[in-house]
Amino acid sequence: MKWFVGAGLILLFALIFQLELLAYAMYALLAVMVVSRWLTHSWIQNLQATRTCDQSDAEIGDTVTVSLQVKNQGALPVAWVLLEDLLPQRALLGNPPGLAVSGERLRLAMLGGGATRLLYYRLTCNRRGYYQIGPLVLETGDLFGLHRRWQVETKPQYLLVYPKVIAMEGFDLASKRPIGEVQMTYRLFEDPTRIAGVREYQPGDPLNRVNWNATARTGMLHSKVYEPSTVAGVTLLVEFHRQAHSAAHEPVRSELAITAAASIANAMYEMNQQIGLVTNGRDAADRIREEGHDAEIRSRKSAHTTSTMRDTSDRLQPVVVAAQRGPEQLNRILESLARLELTDGLNLGQLVAETTSRMPRDATIVAILPKVTMGTAVTLGALKKRGFAVTAILNVYEMQEFAEASGPLLAEGIDTLHLRDEAAIVQLCRKLVLR
């Protein structure tokens with residue numbers, strides 16, 4: 001608009017002082033500007049695009065192919081258009097990045113009237129996550145650089161990359177039991193399906209416990225004695241508060257925690273035991289619903305801004321998957337772990353206070369912690385005193401750091417395990433299964 005104002009003022013000046021050549025030049029400039037503006041508007045309005053992604057979920061190591069088709073629906077050729085399919089900046093960071101891109105995600109093209117341009121690129125999934133693919137940003141303008149227009153085409157699509165699962169060694173899938181005997185030591189209730197013997201009737205025994213065969217043989221009332229049941233299954237308590245994770249160790253330690261949680265969940269599933277998940281992390285799908293997507297983008301910079309994740313969150317809602325058994329439950333937990341992001345919402349104490357009522361007492365609480373404070377130890381100790389079986393997995397590398405962090409937990413009577421690296425996950429799963 002400022003070019004039109006400037007040219008108009010110069011033209012007015014030329015007319016007042018009767019400067020014919022200058023007036024003619026301004027007429028020509030204004031004509032070029034009007035035609036350029038009209039062409040630019042026409043070009044951007046006639047461009048349409050579609051995106052195809054060959055899969056919406058993947059495993060680490062998989063390659064996903066994305067294809068884009070851009071069509072000029074007008075009769076006039078588009079002199080130039082810059083095409084860019086946006087990806088989150090954090091997906092492209094790291095060594096290796098979360099998504100490694102190969103192919104044409106950014107391209108400058110010319111489209112004739114009714115012509116179509118195809119773009120292909122591939123995404124190699126190196127890290128679990130929930131990634132937004134798109135939107136496609138189109139930028140064009142006149143040949144003189146006087147006018148630019150931006151347009152957003154294609155709605156974003158989302159790619160879910162499941163976390164890595166490390167299977168237990170020496171596992172017999174046919175019997176769904178590890179090799180050797182299973183010894184579960186934390187006994188909680190009596191199991192009415194397993195009769196251990198009989199004893200003389202005692203006042204207060206319910207009638208359904210009376211063993212009528214023994215009563216008939218002896219002439220005296222006898223009651224059944226049941227074997228005590230054991231704590232079976234796991235509730236994963238994953239600490240994912242941003243302040244609990246040192247920036248110097250990210251994303252290595254947080255990704256190791258997710259891998260450990262996914263592997264433990266898989267081991268419990270193979271044992272046909274219940275699995276649950278409680279965490280103070282942020283669900284990426286919930287974040288995307290909250291932040292939304294702005295289709296009214298006025299510049300390329302704002303387009304990049306809308307595809308960037310905010311670091312802070314004022315939502316204080318935990319991610320909870322109620323404990324259940326079965327393959328669908330395992331898939332729900334793996335999906336939740338895949339979408340989990342560090343956040344600054346609830347701390348561990350607030351998380352436990354919010355979710356204790358939803359934790360089953362017949363499942364061990366396995367807390368995966370990047371560090372231990374006195375508040376953390378007191379919180380887990382309170383769960384222990386309320387009758388929960390609690391085990392802490394300390395996600396630290398150095399043995400000395402593990403020993404120092406274990407002290408406050410051992411003082412509360414909580415067993416601790418060391419998650420040093422991926423090689424330690426198999427032994428952690430074995431210890432939890434054979435507890």
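## Two cores, one helix in the middle of things

Ile264 touches Val234, Leu236, Val366, Ile393, Cys429 and Leu432, leaving out residues up to four places away in sequence. This is a predicted model, and Ile264 is a handy way in: together with Leu236 and Ile393, Ile264 ranks among the residues with the most contacts inside the largest nonpolar core. Below you'll find that core, the helices that pack around α4, a separate core, an antiparallel sheet and one buried aspartate.

**The largest core**

- The largest nonpolar core counts 41 residues.
- Helices α4 (252–270), α7 (327–339) and α11 (425–433) each hand two or more residues to this core.
- So do the strands β16 (234–238), β17 (275–279), β19 (319–324) and β21 (364–369).
- The top contributor is α4, with 10 residues.
- As general background, nonpolar side chains in soluble globular proteins tend to be buried together.

**α4 against α11**

- The axes of α4 and α11 come within 10 Å of each other and cross at roughly 40°.
- Since angles under 35 degrees would count as roughly parallel, that crossing makes α4 oblique to α11.
- If you care about handedness, α4 passes α11 in a right-handed crossing.
- On the α4 side, the contact is made by Leu256, Thr259, Ala260, Ser263, Ile264, Ala267 and Met268.
- On the α11 side, Ile425, Cys429, Leu432 and Val433 take part; Cys429 and Leu432 also turn up among the residues that Ile264 touches.

**α4 against α7**

- Here too the axes come within 10 Å, but α4 and α7 cross at roughly 180°.
- The two helices are therefore roughly antiparallel to each other.
- From α4, the residues that meet α7 are Ile258, Ala261, Ala262, Ala265, Asn266 and Tyr269.
- Their counterparts in α7 are Pro327, Leu330, Ile333, Leu334 and Leu337.

**A separate core**

- Apart from the largest core lies another one, of 28 residues.
- Its members include Val66, Leu123, Tyr131 and Leu136.

**The four-stranded sheet**

- Four strands make an open, antiparallel sheet in the order β1-β3-β7-β5.
- β1 and β5 (99–103) are the edge strands, each pairing on one side only.
- From one strand to the next, the twist averages 20°.
- β1 (residues 47–53) and β3 (residues 63–72) pair in the antiparallel sense over 7 bridges, and in that pairing Leu47 stands opposite Asn72 of β3.
- On to the next pair: β3 and β7 (residues 116–125) run antiparallel over 9 bridges.
- Two bridge pairs to look up between them are Ser67 opposite Tyr120 of β7 and Val70 with its β7 partner Arg117.
- For general context, strands of a sheet pair through backbone hydrogen bonds, either parallel or antiparallel.

**A buried aspartate**

- Asp283 sits in strand β18 (residues 282–283).
- With a relative accessibility of 14%, Asp283 counts as buried, because the cut-off for that label is under 20%.
- Beyond its neighbours within four places in sequence, Asp283 is in contact with Val319 and Arg339.

Conventions
Residues numbered from 1 in each chain as written. Predicted model: local features only at pLDDT ≥ 70, side-chain atom pairs only at ≥ 80, totals over all residues. Heavy atoms only, no water. Core = buried A, V, L, I, M, F, W, Y, C linked by side-chain atoms within 4.5 Å. Buried < 20%, exposed > 50% of the residue type's maximum accessible area, 1.4 Å probe, protein only. Contact = heavy atoms within 4.5 Å. Pairing = 2+ DSSP bridges. Axes fitted to C-alpha atoms, helices over the stretch in contact; angles between N-to-C directions. Parallel < 35°, antiparallel > 145°, perpendicular 65-115°, else oblique. Left-handed = near helix turned anticlockwise from the far one by under 90°.
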